[in-house]
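Colleague: I am new to this structure and would like a close look at one part of it, the packing of a pair of neighbouring helices. Please also place that part in the chain as a whole.

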Amino acid sequence: MKTKEPTRLQLAFGCNLKALAIYRITVALVLLAELSLRYRFLHAFYSDEGTLPLTLLRPKIDTLYKFVSIHTLSDCMPFQIVLLTIQIIIAIALLVGYKSNVAAFLSWWMYFSLTLRNTWLAFILDRYFHYLLFYAIWLPIGHFWSIECLPLGKTMPKNTTVMNIATFALKLQIFWIYIDAGVGKLLDEKAGWSYFADPLPALDTYTRHTLVAQYMYGMLGPPGLRLLTPIVVWVEILAAPLCLVGSFMRIEKLQKIAVFAICSLHIGIAFTIRNTALLSFIAMTAWCVYLPPGTFNEKEMFIEQKNITQGKLKALRQLICVGAFIAGSIWFELFSDDCSQSVDHIWSNLLHNRWNVFVGAEEYVTWEIAPGKLVDGSVVDVWSKGESISWDMPVTGAPSTSSSRGGRWRSFPYLAELDGEDGEALWGYLCQEWNAEHDNSEKKLVRYNFFMLQADVLPYMQFSATRKRLIKSYECSNKTFSEEIENDQEKDL
């Protein structure tokens, strides 16, 4: 390979090799954090004793779904633990740069497979991993700070820019993510993200979830939050266009300002809204590809492929795979039917490319409790696993959805419409979980009610009176409990 000065187009749609190395490292770090947290959810959401055993999932999915998702081969806990451990090992390989592109492919495939195992748990965080890992397969992410670059360390140029179909597509993907998110806020029917929002601007409703948010509320006050609300929207909309313009015009300062602004926004989200830390961190990793060559205080250079034949073949593979991926996303959003969009097929998870989250102002906050009656007649909160019932708003900061159980448990309350065997497996799990943790037959769970509590968001950090909505009443199976009590009584006699 030889190098030359990059053109404006190459700067705009190419990526710096050191920036791509940072992209690889940061994506791998966030992936390791996410996968490590998944261990605590394996039994509840991925095992044969959990909320979605394979006996219920397999009849609903097609052959392609089963072929793609290795996680649907077995739902026994040892198998799921082994798969998750393998995923972590592969993520470590990606982190240290060992067979980087192969590690990126395996990470992408296994993460997609894990998502397909239980699509109830698919959040926008998983969509970020899906897209960022896919493009990492086709990017030269291992040329710096990796094991595979060690033999080339003396001959590689210190600072180079590379452009291919993957760098072009990834930059446009990030452009689309923030245009979709920002325009969605602008088009909110209730204009929650405008300065003239009535009654409250969106930031006034969102900055109540954590202690940091409450301090921010105290410092800025309602007028400051009202002023800052539309600024957030325009930061989302303008960040990527400013980076592209700055690259093309060789104005690196403009690029750095845009990247700093959008990363500051995500840091703010991480500290002020619960359950958003990993989402904010993975979103920031995407912006590594927009870092200008001058970030590393070295001269801009562009890589030219020396072996023309090899370069054309590689470019052709990239064009076919990346082009098919992009075309599939366009087809899914514009032309697919309801059947193709069903979660029973892989397409809704493979090709879904919408990012309009936090679109409107938060009108109310929610949290859950599940009063349950035990065999001895006492009442406990099954959801928080506490011995007392409180209908009041949680006092440890402002409440948010599933305040007692965060992470993947946030999807649980929204599955109340499940019935039949699906509903039985879902709601029966809380009985199973409680009884497995309490050996005393007198402390077995007999029945519980699952409530969603709500309080309207009012001005000046106030909330309305709590109102409750019964989501589910569930009777646990008591046959086993009665047999245990009878056995204990016979032993006493």
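Modeller: The answer below begins with the chain, goes on to the helix pair, and then turns to single residues.

This is a predicted model, in which local features need pLDDT of at least 70 and side-chain atom pairs count only at pLDDT 80 or more, while totals for chains, interfaces and linings use all residues. Residues are numbered from 1 along each chain as its sequence is written, and side-chain values use heavy atoms, with hydrogens and water left out.

The secondary structure consists of 18 helices and ten strands; these are DSSP runs numbered from the N terminus, helices being H or I over at least four residues and strands E over at least two. The chain has 493 residues, and 51% of them are buried. Buried means under 20% relative accessible area, exposed means over 50%, and partly exposed is in between, with a 1.4 Å probe and protein chains only. A contact means heavy atoms within 4.5 Å. Among contacts with a separation of 6 or more, 76% join residues 24 or more positions apart.

The pair in question is α12, residues 252-272, and α13, residues 277-286. Their axes lie 8 Å apart and make an angle of about 170 degrees. Each axis is a line fitted to C-alpha atoms over the stretch in contact, and the angle, on a scale from 0 to 180 degrees, is taken between N-to-C directions. The two helices are therefore roughly antiparallel, a term for angles over 145 degrees; under 35 counts as roughly parallel, 65 to 115 as roughly perpendicular and the rest as oblique. From α12, the contact draws on Cys-263, His-266, Ile-267, Ile-269 and Ala-270, and from α13 on Ala-277, Ser-280, Ala-283 and Met-284. Seven of the residues in this contact are nonpolar, two are polar and none is charged. In that count Ala, Val, Leu, Ile, Met, Phe, Trp, Tyr, Cys and Pro are nonpolar, Asp, Glu, Lys and Arg are charged, and the others, Gly among them, are polar.

Some single residues in other helices show how separate parts of the chain meet. Ala-181 belongs to α9 and is buried, at 5% relative accessible area. Beyond four places in sequence, Ala-181 touches Glu-236, Trp-355 and Asn-356. Its C-alpha is 8.2 Å from that of Arg-354, a residue 173 positions away along the chain. Trp-331, in α14 (residues 308-334), is partly exposed at 32%. Its contacts beyond four places in sequence are Ser-336, Ser-340, Trp-347 and Leu-351. Between the C-alpha atoms of Trp-331 and Leu-351 the distance is 8.6 Å, over 20 residues of sequence.

The loops hold further details. Asn-118 sits in the loop between α7 and α8 (124-136) and is buried, with a relative accessible area of 1%. Its side chain reaches the backbone oxygen of Phe-45 at 2.9 Å. Apart from neighbours within four places in sequence, Asn-118 is in contact with Phe-45, Tyr-46, Thr-51 and Leu-52.

Backbone geometry is worth a look in the loops too. Most residues other than glycine have a negative phi, and most peptide bonds are trans. Lys-99 has a positive phi, near 50 degrees, and is placed in the loop between α6 (77-96) and α7 (100-117). Met-461, also not a glycine, has a positive phi of about 60 degrees and lies between β8 (445-458) and β9 (462-463) in a loop. The bond from Asp-198 to Pro-199 is cis, with omega near 10 degrees, and Pro-199 falls in the loop between α9 (165-186) and α10 (202-206).

Last comes the confidence of the prediction. pLDDT is the predictor's confidence in each residue, from 0 to 100. Its mean over the chain is 89, and 90% of the residues reach 70 or more. Residues 397-402 stay under 50, and the model gives them 30 contacts beyond four places in sequence. Residues 479-493 are also below 50, with ten contacts beyond near neighbours in sequence. Where pLDDT is low, the predicted coordinates should not be read in detail.

Conventions
Polar contact = N/O pair within 3.5 Å; in protein donor to acceptor, adjacent residues only side chain to side chain.
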